[in-house]
Amino acid sequence: MSQSPTTDTLPPTAGDAAANAVQGIDQAAGNFSYKMDYAFDAGTGLTEDTIRYISSVKKEAPWILEFRLNALKQFRAKPMPTHWATKDLENINFDKIRYYLAQGQKPKRTWDEVPDDIKKTFERLGIPEQERKFLAGVEAQFDSEAAYSNVKDLVAKQGVIFLNSSEALREHPDLFRKFFGKVIPTGDNKFSALNSAVFSGGSFIYVPKGVKVSHPLQAYFRINAENFGQFERTLIIADEGAELTYMEGCTAPKFSTSTLHSAVVELVALKGAKIQYITVQNWANNVFNLVTKRGVAHEEAEIKWIDCNIGSRLTMKYPGVVLKGRKARGEVISIALANDGQHQDTGAKMIHAADETTSNIVAKSISVGQGRSTYRGVVHIPKHLKGCKNNTECDALLINTNSRTDTYPAITVRGDANSVQHEASVSKVSEEQIFYMQQRGLTEGQAMSLSVNGFVNDLATQFPMEYSVELKRLIDLEMEGSVG
Amino acid sequence: MSVSASPSQPVSLLGGFTPELFAAHLAGVAHLPAWWLDRKRAAYERFASLPLPKRTDEAWRFATLTGLTLDGYVRPAAVPAGRLGHVPVGVAKSGRLVFANNRLVAREQVAAALAERGVVFGTIQEALRTHGDLVKAHLLAQPSPLGSEKFTALHTALLEDGAFIYVPRGVELPAPLAIYHYAQGAQSAVFPHTLVIAEEGSSATVVDCFRSADAQRHFACGQNDLHAGHGARLTYVAAQTWSRETLSFQFNSTIARRDAAVQSLNLHLGGRQSRHESHSQLQAPGAHTEMLGLTVAHGTQEFDQRTLQIHQAPNTSSNLLYKNALLDQSKTIFSGLIVVDPDAQKTDAYQGNRNLMLSDDAEANSLPGLEIQANDVRCTHGATSSRIDPEQEFYLRTRGIRQADADELLTFGFFEEVLSKLASEPLHDAFRDLIKAKFRAAPRPADHQH
């Protein structure tokens, strides 16, 4: 099975990228790569042998292997969802994807232990010196395995379990198994089945009763091998009254052939718990990013997804909340930015399953050049529930004449004791605003950038500081060359 | 009826609409030009080969597919004159046509002065002889892209007769033209059609009434084609009151040319399961369409409404408002889509769906969609589903109004937003009375306990 280590990586390209004098942004910032050695490589293509290999490398219990093999069957049996989704999905060549790659190193604890290679990666990501300290408390996923983690020790004092999912399966099998695959069953969709078959990496977090986690837990993900798919699996459990914020950011080097990222993230908020899950996704423009994210909120619990999608060729991601207990609350805040060659197909699902549950969806998208952004949503309020409320707002901003946006919500309400409202609008940047700013000496590009940042500002401020700064930079970067 | 002549074809694909029925239909049509015969034959083939809607068809999402069986329906016998208990809609009219079981049974011609100016108000059968080219150019010229290809093909294959309206350049009709389409007798299958061609600068109002002459199980599969030429103003209102056992399909196709304004209002009250597809094309600058829908659903009725507003040219506008009131165990589906083509800058489009939930067992589904490919546009949509506003109800009750009366007032207020868009007061009143009649016939919504 084990092939020789992958080698074809691209040289750094920072030198040939034109720096933006005004914004001070290196356009090649996300365009990095360097040589890697992999200790474990499952090769390309997906067979039962691939799965047996992954499972044996990870020294997994027999039930996990069985779970994976069953998932593979479901993955094969399920058709591509192209009766509603974009035909671009048919361009994924599952036989050319590497389903598992790892250096085989154990998760690291301190910054000093982090290999220089990985430090170099973060440097290339343009993370400022001051943030290095912060990064030391980061659970970073390097390709398939978590590279290091030390915030763990800090939160461990509060009784929090924060592991990568492989470790958790070994160390807390009973806790893991109790919740694993319960929020998102293997057969939920074709890609959740794929993830269930080949998952590796991702986080496992358990927050005990009443504990409010002092630090936001954070993970960086990246892809660094051609044709290599990343299939992390994250499971977060907040016990009664617990509170937690989790952040993930994704960066990836640009490669010439498509890669696939297909994660599954499950959240469980028990009675009165609060989980906030923040994502900034900036995959390279050849990545298919097909992610299933869902949480279950029990009585008076609250789950909030803050989801920002900037990169990838095609993202299909609809974070959901199943509002299972009375007075549970779900929220999705979504920002999507689609540039040339990109399709951001994002949205939210709110499944009300108890009385007095409330949900809120605010989605803003920006389409630049020939980019296409799509909002797709489900709001479901079944029979005989009382006092359920949903509010959905979708706003789309179109920058260029041939930019495209779509909205496809689906709302089902039963009974006369609930209320649902949905509103959407599509507009362009106000010419008057641009004109005003140009009067004040800004270039058209700067004015446009400012205006777009203003459009998402009320959502961006809900992000943690460093993320909203990163988001602003990314928008500046994307707006370059969109005018004139 | 028992066995299909082509055993290779599963009966469920054809139901009662067998090749024998099709042959009998062709034999029964008086005037059948070669082009029309060819189209009908091709359409029948298409109908026979297309599958019934499947659960995975996005265009049928949320619909109850088990209700769509075609079994048992027959080509109905002619209704003898005078055997139809026809009741007029109650508005002054410029002319009237009454069809029963696909055949003309009564008519009231337009005034001679209008006929002299070139107004044609007759049947499609007549028009095939007298205005063959016009019929050929406009009849079923815009196939519905909203998922009912099988049923629109069936309509083309079995369309026998319907209304043909031609309003020449600059002519304004003083009063509405009324058309009644009746179905009578058990298992009767009817295929109503109304074709309206309003030439440059003309103006007309057309009222279509779809009715059952008895409480039997009927099958209705109708279509209308509305063509509004440059600067024409066309109002089309339809009242669907089929029997409670009827399976109904109704397809609207509207074309608005430069500076044309088309208003359509569809009132849905009858049927067991009713599918309505409305497709509006804004083809040239200045075109405007207003698409209105009103539904009162009770018992176990299902109303499935799919709309499409396509902006194909710059500076066009459209406005859609569909309101549904749901009682008992009824179910509604609204699926709307605004499409703005890449060059259709300065489009202004609105799409609204409001569901008034009057029962704890009713189900409202909304799929308000947008597909925008131009940036200088203003497109918004909104969808809400909720019960009567408790504060408004409370206010009325503090004024001494009984709960049931307060609810009725507020419910009519809900409909009034749509009805008030009708410029013709008699039409407004007639439609309001139809809604009232349905509410009175339906069991009242249970009093809410507070």
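Why is helix 7 (residues 149–158) of chain B largely enclosed by the rest of the structure? Count its buried residues and you have the reason: 8 of the 10 residues of this helix are buried, so the rest of the structure largely encloses it. Keep in mind that we're looking at a predicted model here.

**Around helix 7**

Let's put names to those buried residues. They are B:Phe151, B:Thr152, B:Ala153, B:Leu154, B:His155, B:Thr156, B:Ala157 and B:Leu158. And what sits over them? The cover includes helix 2 (19–28), helix 3 (34–49), strand 9 and strand 11 of chain B.

**Strand 9 and its partners**

Strand 9 of chain B deserves a look of its own. This strand runs over residues 219–228, and 10 of its 10 residues are buried. In a regular strand, side chains alternate between the two faces of the sheet. For strand 9 of chain B, both faces are covered. On one side you'll find B:Phe219, B:Cys221, B:Gln223, B:Asp225 and B:His227, all of them buried. On the other side are B:Ala220, B:Gly222, B:Asn224, B:Leu226 and B:Ala228, and these are buried too.

Which strands pair with strand 9 of chain B in the parallel sense? Here they are, with their bridges.

| Partner of strand 9 of chain B | Sense | Bridges |
|---|---|---|
| Strand 6 (residues 189–190) of chain B | parallel | 2 bridges |
| Strand 7 (residues 193–198) of chain B | parallel | 6 bridges |
| Strand 11 (residues 247–256) of chain B | parallel | 10 bridges |

You can pick out single pairs of residues as well. B:Val190 has B:Ala220 of strand 9 as its bridge partner, while B:Val196 stands opposite B:Leu226 in that strand. B:Gly222 is matched with B:Gln250 in strand 11 of chain B.

**Chain B as a whole**

Now zoom out. Chain B has 10 helices and 20 strands. Its C-alpha trace spans about 70 × 50 × 45 Å along the principal axes. For 450 residues, a compact globule would have a radius of gyration near 22 Å, and chain B, with 21 Å, agrees with that. Of those 450 residues, 53% count as buried. Take the contacts in chain B between residues at least 6 apart in sequence: 83% of them join residues at least 24 apart.

**Where the two chains touch**

Chain B also touches chain A. The contact takes 33 residues from chain A and 37 residues from chain B. On the side of chain A that touches chain B, strand 24 (404–414) and strand 25 (419–428) each supply at least two residues. Strand 24 of chain A gives the most, with 11 residues. Sorted by class, that side of chain A has 12 nonpolar, 15 polar and 6 charged residues.

Strand pairing crosses between the chains, too: strand 24 of chain A and strand 19 (residues 363–372) of chain B pair in the antiparallel sense over 7 bridges. Here A:Asp406 stands opposite B:Glu371.

**A glycine to finish with**

Find B:Gly382, which lies in strand 20 (residues 378–386) of chain B. Is B:Gly382 buried, exposed or partly exposed? There are 19 other C-beta atoms within 10 Å, and a residue needs 20 or more to be buried, so B:Gly382 is partly exposed. Leaving aside neighbours within four places in sequence, B:Gly382 is in contact with A:His422, A:Glu423 and B:Gly352. Measure it against B:Gly369, and the two are 13 residues apart in sequence and 9.9 Å apart in space, C-alpha to C-alpha.

Key. Residues are numbered from 1 along each chain as its sequence is written. Chains are lettered from A and ligands numbered from 1 in the order in which they are written. This is a predicted model: local features need pLDDT of at least 70, side-chain atom pairs count only at pLDDT 80 or more; totals for chains, interfaces and linings use all residues. A residue is buried if 20 or more other C-beta atoms lie within 10 Å of its own, exposed if 12 or fewer, and partly exposed in between; C-beta atoms are placed from the backbone. Helices (H or I, at least four residues) and strands (E, at least two) are DSSP runs, numbered from the N terminus. Two strands pair if DSSP finds at least two bridges between them. Two residues are in contact if their C-beta atoms, placed from the backbone, lie within 7 Å. Ala, Val, Leu, Ile, Met, Phe, Trp, Tyr, Cys and Pro count as nonpolar, Asp, Glu, Lys and Arg as charged, and the others, Gly among them, as polar. The radius of gyration is taken over C-alpha atoms; the globule rule is 2.2 Å times the number of residues to the power 0.38.
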